[in-house]
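Load the model and keep a selection panel open. The stops below are meant to be visited in order.

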Amino acid sequence: MTTILIDQDLCTRCGICSNACTMGLIDPADENTLPKIPDAKAGMCIHCGHCEVFCPSQALLLNDRPDEKLHLPAGAGTIAPDAMGYYLRKRRSVRRFKKDPVPKEKILELLDIARYAASGGNGQPVKWIVVHDPERVKKIAGLTIEWMKTLVNSTHPMSGYVPMLIKPFEAGYDVICRGAPHLLFAHIPEGNPIAQTDAIIALTHFDIAAPAFGVGTCWAGFVAMATMSYEPLPKELGIPAGRKTAYAMMFGHPQYKIYGIPRRKPLDVTWQ
Ligand SMILES: Cc1cc2nc3c(=O)[nH]c(=O)nc-3n(C[C@H](O)[C@H](O)[C@H](O)COP(=O)(O)O)c2cc1C
């Protein structure tokens, strides 16, 4: 059962855990008692950990895998606004990759960061498939082209466009996966109305974190569309029953460095 463990020597009875609780489950301390989740409310805890991380005296531990509690070193994770502005503005889709693979340990470090992405009700529904073998990436690109061939002369909105991709692909130019050594797939439970959004947020964390690790990414829209609608692809990937592909991303070590920031549409904001 979910409960909070309080170090009574450290607890100052400040009430922040009670105020921070997403679900309003924690009865604040009074002179004689420590903060507490009443048994009747324990089942409503969403394990967001806010009670724990907002406790200024670090007196509180949620009994959810307490051994895995991470220490936050003082000042860690603080980024100056201009550094953040440049970091995000210089993120670009990478379409030219070096051949050398990204080590699995580095990919796991990035996916570990993506675990901390927001998810509706802290549901964390996203699971990952990493296609690490470049030969398998090529096979998936080929299957995506097979899907595109089924669209030619159909009523699909891409029917007129796909021949422009099929032709260069068959001439040896990988317009689908851009020669990326790896592909990342986020998959989610079917029938969960918020999981698609959760997956895009988690993939965005991967996308945003990647350049700091020397990794370049590009959203793989064609592969994602094909995987969502062409049965041989989820079969090839082994998407488990009851789950579906939410989206895909190509990644690898970028071949080129970035020296500038491109222009974008001006802001369009309505204040109310
Ligand atoms: C949902 C989505 C799908 C995309 N699919 C592809 C794709 O299949 N192939 C590709 O080369 N780029 C793809 N892109 C990259 C966009 O073309 C790119 O984000 C856009 O041109 C802006 O460039 P930037 O990301 O460098 O700012 C995709 C981007 C998004 C957000």
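Start with Gly172 in this predicted model. Gly172 has a positive phi of about 105 degrees and comes just after helix α6. Now select α6 itself, residues 163-170. How many of the eight residues of α6 are buried? The count is zero, and the helix is hardly covered.

For contrast in burial, select strand β4, residues 182-189. Seven of the eight residues of β4 are buried, which leaves the strand mostly covered.

**The sheet around β4**

Show β3, β4, β5 and β6 together. These four strands form an open sheet with antiparallel pairing, in the order β3-β4-β6-β5. Which strands stand at the edges? They are β3 (127-131) and β5 (216-219); each has a single partner strand, so one side of each has no neighbour in the sheet. From one strand to the next, the twist averages 30 degrees.

Next, add helix α8, residues 221-229. This helix packs on the sheet and touches β4, β5 and β6. The direction of α8 makes about 160 degrees with that of β6.

Two pairings can be checked strand by strand:

- β4 with β6 (residues 243-252): the two run antiparallel and are joined by eight bridges. Select Ala186 and look across to its bridge partner in β6, Tyr247. Then select His187, which stands opposite Thr245 of β6.
- β3 with β4: five bridges join this antiparallel pair. Select Val131, whose bridge partner in β4 is Leu183.

**The ligand shell**

Move to the ligand and select the residues around it: Arg92, Ser93, Arg95, Arg178, Cys218, Trp219, Ala220, Gly221 and Phe222. Which elements give two or more residues to this shell? They are β5 and α8, and both can be kept on display from the sheet stop, where α8 was seen to touch β5. Colour the shell by class to see four nonpolar, two polar and three charged residues.

**The loop before β3**

Follow the chain between α4 (104-114) and β3, and stop in the loop at Asn122. Phi of Asn122 is near 55 degrees, a positive value in a residue other than glycine. Is Asn122 buried or exposed? It is partly exposed, because its count of other C-beta atoms within 10 Å is 15, and a residue needs 20 or more to be buried and 12 or fewer to be exposed.

Gln124 lies in this loop between α4 and β3 as well. Its phi is also positive, near 45 degrees, and Gln124 is likewise not a glycine. With 17 C-beta neighbours inside 10 Å, Gln124 counts as partly exposed.

**Across the chain**

Select Gly75, in the loop between β2 (60-62) and α3 (81-89). Gly75 counts as exposed, because it has 6 C-beta neighbours inside 10 Å. Draw a distance from its C-alpha atom to that of Gly191. The two residues are 116 apart along the chain, and 41 Å separate their C-alpha atoms.

Finish by colouring the domains. The domain assignment gives domain 1 (4-68) and domain 2 (91-252). Taken over C-alpha atoms, the centres of the two domains are 39 Å apart.

Definitions and conventions: Residues are numbered from 1 along each chain as its sequence is written. This is a predicted model: local features need pLDDT of at least 70, side-chain atom pairs count only at pLDDT 80 or more; totals for chains, interfaces and linings use all residues. Domain bounds come from an automatic or database domain assignment. Two strands pair if DSSP finds at least two bridges between them. Axes are lines fitted to C-alpha atoms, for helices over the stretch in contact, and angles run from 0 to 180 degrees between N-to-C directions. Two residues are in contact if their C-beta atoms, placed from the backbone, lie within 7 Å. A residue is near a molecule or strand if its C-beta atom, placed from the backbone, lies within 6 Å of it. Ala, Val, Leu, Ile, Met, Phe, Trp, Tyr, Cys and Pro count as nonpolar, Asp, Glu, Lys and Arg as charged, and the others, Gly among them, as polar.
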